[in-house]
Structures are given as structure tokens and as C-alpha cells.
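Please open the model in your viewer and keep the selection panel at hand. The tour proceeds by selections, each followed by a description of what is found there.

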Amino acid sequence: MADDSTAAGCDNPLRLSLAVSPELVPVAQATATDWVRSGVSVANRCIAVDVASAESADVAAAIASRSELNLAGVTGAQQVKVPNLWIPDSSTWLRRLRTLGPNLVPADAPSIASSPVVVAAPQPVATAAFGWPQTKLTWKQLLGKMTTGTGLRAGIVEPTRDAAGLAGLVSLAVAASDGGANAQQNTAAAMRGLVAGRSAVRDDLLQRFPRANDQAALASAISAAPLSEQTVNAYNAKTPVVPLAALYPEPASAALDYPFTIVPGGDADRTTAAERLRAAFTGDKYRDRLAAAGLRAADGTTGKGFPSAPGAPAAGGQGGAAGADLNVVDRILSTWTAMTAPARTLSVFDVSGSMNRPVPTAGNAPRMAVLLEAAKRGLSLFDDTWATGLWVFSTELDGPGTADYKELVPIGPLTSNRQTVLNALNGIKATERGDTGLYDTILAGYKRLKDGWEPGMVNTLIVMTDGENDDKNGLNRDQLLQELGKIKDPAKPVRVLIIAFGPDVAPDGLKPITNLTSGGVFAAPDPAKIGDIFLQAITTR
């Protein structure tokens, strides 16, 4: 949608293009129209403002693309042009762009509206499950209900594209990180629930809230989702059969703050006009327009007609926290992207004799036990849309002259074989004196994945080992590289990830293998840290 705000009799205007987050468009259009009709001019030219509705993710991607850069997890709509002015829904977009290049967006982009990030829930569910409106909710409590089999069906708008979804995801992940030894499991369980309930766009998610008040409708619909307060206000303004409650979890997430952004690259006159237009987004009349759209002013206060709702903070009472550390955001988004990208994996476990050695930093548990515990937790990261298989390897596993590797579970969808994989993991034991037939196993696993290669999926071989290749009857490294080079097909890529744990592996010696396959080596000299390394490897597929 695009609208032209031009004063009457303005024949040769200086045109400004203004891209606005959709919910703010009516407010921006009315404000710009009043401003140009007041007779403003720059360099003796009248002004016209072309207001266009644009998703924040699309404009952010277009700004990055203009400098031949990519914003992680975001692809822009090809038809989106970089505007002179931009009002995204959150400063998070600006912060992420600045990590790509400090001059892509300005450092000065003041907020001109706000909307707290809330947990939206059908009012009957909010009362029954959360004690709304009398009881305050915390992100930890929400996490507990999502991960303990309460039947809560959580939803989320794709957080790589939606600022409220990202804020909610970060808040849940931070709450999970306080879970001690169970932090990784809690994070994975929460994300898996959100992955199952995610929607590409906000309107799709809103359609999944209940349309009737009966128990069947409530049970089958979305129970809770991180959204903006404005989205809940707009939804309820249509008087649905089942209104939404806006829950304000503590600690507060960063609110949507709608920064007024003058995009670099414009000429001096347009920059001057833009700076003057910014001043129009203030005052009581403007605040009342925000209220009519279900939005708060930048300081959290509200204008006339702002919808009152049980449990809502007083005007200005909840501005939200400061934006999360971008390193935390990037790590959480990496995990999310890894879990949502369709995958076909083969996990291969070293069961050589050295895997019986104790790990002092893990209570002297055997390396095998430590690795399997990490693998079982890691399995919870795998989405049901993934296909996975399981092998073990040492040397001549079934006697002299036999293969160094053995298939325990064929590659298949986790919808049907998750429990089979878990049972197989529980049954793995290290050999008494077997050596490490690493190179033969890598080649065989690579061939298996390539033979069944599937388009649209990340085809990955994950090899976990605590030792160097010491198979006297097998390939050496140069021979392995030669064989991989022969069968490698750029049209059918297979990535090799090697998780090397313990003090007996030199990661640098494995890098030529992973470099050839666009994979990576992940080292944990202390085997007790294998859980963190496993998570890192999976999230960088």
C-alpha cells in the first residue's frame, strides 16, 4: 500500500519515500498529510511524502543487499526499494544492520511509538492456565508450562522476520539458560514446541487462535504466543468470539519502539526535510492517533481512546528492557535456524577402546557415557521434520576382515524413528580394545548420504571421535581426500562435521577433510564439555 501526501498546488515537490511497519501506516499517513499541508518547504520547494506499508524484515534485507551484504536468516522481497525514511517496528533491526556495517543506518534514530511485547492467550486459557488477570506471569513459568506436558500449544511468528517473535524467543531462551544442568534440554524442548507452532506471517498465526469457546476448539488452537500489545489490541477491536488476553511476563522483554530512521544516501535537501518531518511525530494529536491504532507513545504513555485491558501496566509503566545482547540474539537465532532448516543427517559414534577411559571432570564417568548423554540431549534439538540415522565405528567390528562401521538405525524421518534412535543410543557400548577406523568410516558415511541425497534438505555427516585414525588396514588421510574429491558433487553437497573430544585428537589434522566438504571441526579437549560442542556443531550446520 502506498499513499501520496502532497499539499494542494504543489507542482514540483521534493519527494520523500517513507516505508512504515504496517500497523503504523494510518498514523504515519495522517501525520505526514497534516505536515505537508501546513506549507513546509525546503530550498523553496514544497514537500510530498510517499507513505508505503513495508514489513521491517524486507526493508532491512533491502538495505543490506544494497551494500551486497546479507542479514542472517532474512531474505528480502525483490520488489522492496530502499526508502529515504524508514520506521521499522523495532530498533533490533537497526542494531543487526550495524553489525554488518556501521554506516548502513544512522546511530540517531529516535523512537516515535512503542508497544510492549506480551504473551497473547485466549482469555479462557489465560484464566485457567495462568491465573489472569490477578496473577503475574514470568518467562520461567511459561517455559515450565511449555516443557512439562501441560498441553499448552505455543505459537510464534517466524522470529528471523518478526521482532515480537524474536523478543519472545530470546526471553524464553534466557529463562531456560538459568536451568543449570537442564538448560540445554529446556531450551531444546521450548524451541521444538515453538517450531511446531510457528507461522511465517502474523496473520496466519492469528487465524490459529480459537474461533469458538468450547473445550474442543480451545484445546486444538494456539494457547499462547509472543506478540505485541498492539496486535492484541487490533485483534480484540474486531470483537472476536474468543478475545485475547495480553499477559505481561517478567522480566519485561524489549518493547517494540518504532525508530524514525533517516536512511543514509539521500541528498542534503531530503535529509533536511526528513529531520523536519520527524518533529511532526509528537504532540497530543499524534498521541491520540497512536491510541486509535492501539499503540503507545515512545515513553509508554497513552492518548485518548487507548483500549484498557485487565492486567495491562499503567501508562508508561512498562517500557520494556533494553535490547538483548546481539551475541545472545545471534546465538539463539543460529539455534533456531538450525532446528527449522530441513535436515538429513547421519550421526556416527566412535566406540573404540579409548572410549572406556574415565573423564575426571565428569565424575570419572567413561567417555562413552559422557558422549551418549550429550547425544541424547542433542537429539532433542532435532525437529520431527528431520531424517536421521545412526552408525558406530571402531575397527573390524564383527571380526577380522569385516567393516570398521555398523549401521544401527537406517536414515529415516524422526516422526517415526525418534524412539528407535534413542533406544539405539541407550544400547551403545565401547569395544574392549578396538582401534579407530576413522577415515574408512567417513568415506562410507559420505557415500551413504550422497547416494540418498535429497534436495531442499541439509545433508550432513556428523562424526564423533576421541582419537586419531589408527587403522593400519584402511585409508590414510591423503587417500581419503582423494576419494572424497572424486565423488564430491557441488549439485549434491554433503557437509562433514567432526566433533573431536578429549586430549588425544589434533583438530588441525581433520580440517582438510571438513574444508573439502564445507563442514567444520569442533573440538572439546575436556570431554565433559562435549554437550556444549555438540550444540555448537548442530547449530552451525
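Begin with helix 13 in this predicted model, and display the side chains of Leu-326, Val-329, Ile-332, Leu-333, Thr-335, Trp-336, Ala-338, Met-339 and Thr-340, which are buried. In an α-helix, residues three or four places apart point the same way, because there are 3.6 residues a turn.

Next, select the C-alpha atoms at the two ends of helix 13, which comprises residues 326-340. These end atoms are 21 Å apart, in agreement with the 21 Å that 15 residues should span at 1.5 Å a residue.

Move now to Asp-325, which caps the N-terminal end of helix 13. One of the side-chain oxygens of Asp-325 lies 2.8 Å from the backbone nitrogen of Asn-327.

Turn then to the aromatic side chains; the whole structure contains four aromatic pairs. Select Phe-281 and Tyr-286, an edge-to-face pair with 5.5 Å from centre to centre and 75 degrees between the planes. Phe-281 and Tyr-286 are both buried. Adding Phe-260 to the selection completes one aromatic cluster with Phe-281 and Tyr-286.

Finally, select Trp-391 and Tyr-405. Their ring centres are 5.2 Å apart and their planes meet at 10 degrees, so the pair is stacked. Trp-391 belongs to strand 15 (residues 387-393) and Tyr-405 to strand 16 (residues 405-413), so the pair ties together parts that are 14 residues apart in sequence. Colouring by accessibility distinguishes the two partners: Trp-391 is buried, with a relative accessible area of 2%, whereas Tyr-405 is partly exposed, at 30%.

Note on methods. Residues numbered from 1 in each chain as written. Predicted model: local features only at pLDDT ≥ 70, side-chain atom pairs only at ≥ 80, totals over all residues. Heavy atoms only, no water. Phe/Tyr/Trp six-rings, centres within 6.5 Å; stacked < 30°, edge-to-face > 60°. Buried < 20%, exposed > 50% of the residue type's maximum accessible area, 1.4 Å probe, protein only. Helix = DSSP H or I, 4+ residues; strand = E, 2+ residues; numbered from the N terminus. Expected span 1.5 Å × (residues − 1). Polar contact = N/O pair within 3.5 Å; in protein donor to acceptor, adjacent residues only side chain to side chain.
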